[in-house]
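Welcome, and please open the model in your viewer. We will take the tour one selection at a time.

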Amino acid sequence: MTSRKEAVRVAIAGASSLLGKELNLWLEESNFPANDIRLVDEELVAGTLTEAGGEPVIIETVTEDSFERVRFAFFTGSPEFSKRHAEEAHRAGAVVIDLSGGLGADANARPWIPTLDAVLTSPLESIPRGEPQSLFVVPSAPADVAISISAALAPAGLERLAVTVLQPVSERGPEAIEELESQVVKLLAFQPIGQTVFDAQVGFNMLSSYGPESRINLADARARIANESRRYLAGRAPAPAIMLVQAPVFYSHAFTAYAEFNAAPVLDDVVARLQRAGLKVARAKDEPPTNVNVVAESLPVLRQQERDPQDTFETRPQFFRAHQPGLSCFPGRSWKAY
């Protein structure tokens, strides 16, 4: 049992986002020692009634004292929101943990994937001095998996890695989820569809870009994954080539990964390396992972690799709760993921 003295105050900035809601739920379910969880967000959603720590809580706007005596400030809203308010949390003495992608360019930001600390060697460039422990940047779910694969396989002679990510509409918020649902229903009824979010038909479709009137840009999301991967790896492992496709699914990233080695790797060694890097490899007798059966998994899930007739390994899509990716392998000296 955690004593009141040990408990800390936490702020979730961007609390109305899907990521903010999921983090709030995780803090409660994991028994994180928080004696006070403050929920703040844009003025547009201020006043929304929600729950934190089993108690009703109202989401508030950010004020001068929003981060007062806060130990950890998680930023889960839009990148712009994080850029506007992270400095206020910093001045209040909070450790800022950015999950929004808005603070990655900060010189004092430390890209952070704890499970890889024991896998990768020290970066070629030292972490910038100043306050490296006060700002942690968590890479997006697709970047996390791409980075983990590259870091895991680099010691096995990895030469090139290409990852294609299939993105769920949940990455674009509740409005995108509602738009996909509405499009599916209306398409089945042969009715005109709404396209407010994507300015394109996403229902029963795969998109490499959104319509010209969309307020969001798929290319920007791809660039974020690529930049996060490159910055975290910092020359310690091959930077993956990234392709991003919008899939007509509500939740769970899936991905395919193509890895090329300088010599054919041993399958058991590949599995062990992926597991050490924080990826879960399903056993041969397990049901293959799907968007549905990975719910409540805490790690990205990979199907057990199988050697194909051309001496390659093959795995199927991988998923991580409502936000994570998947993997596989491909080569004559590589492996293939679906």
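Helices here are DSSP runs of H or I with at least four residues, and strands are runs of E with at least two, numbered from the N terminus. One thing to keep in mind as you look around: this is a predicted model.

Start at helix α4 by selecting residues 174–188, and pick out glutamine 183 within it. Is glutamine 183 buried or exposed? It is buried, with a relative accessible area of 0%. Next, show what surrounds glutamine 183: leaving aside residues up to four places away in sequence, it touches Ile193, Gly194, Gln195, Ala200, Gln201, Val202 and Gly203. Pause on glycine 194, which is eleven residues from glutamine 183 along the chain; the C-alpha atoms of the two are 6.6 Å apart.

Now turn to the sheet. Seven strands make up this open, parallel sheet, and you can follow them in the order β5-β2-β1-β6-β7-β9-β8. At its edges, select β5 (60–61) and β8 (110–111), each of which pairs on one side only.

Move inward to β1 (residues 8–13) and β6 (residues 72–75), a parallel pair joined over four bridges. Select isoleucine 12 here, and look for its bridge partner in β6, phenylalanine 74.

Finally, add two helices. Helix α2 (residues 79–91) packs on the sheet, where it touches β1, β2, β6 and β7 (95–98). Its direction makes about 175° with that of β6. Then select helix α1 (residues 18–29), which lies across β1, β2 (34–41) and β6 and runs at about 160° to β1.

Note on methods. Residues numbered from 1 in each chain as written. Predicted model: local features only at pLDDT ≥ 70, side-chain atom pairs only at ≥ 80, totals over all residues. Heavy atoms only, no water. Pairing = 2+ DSSP bridges. Contact = heavy atoms within 4.5 Å. Axes fitted to C-alpha atoms, helices over the stretch in contact; angles between N-to-C directions. Buried < 20%, exposed > 50% of the residue type's maximum accessible area, 1.4 Å probe, protein only.
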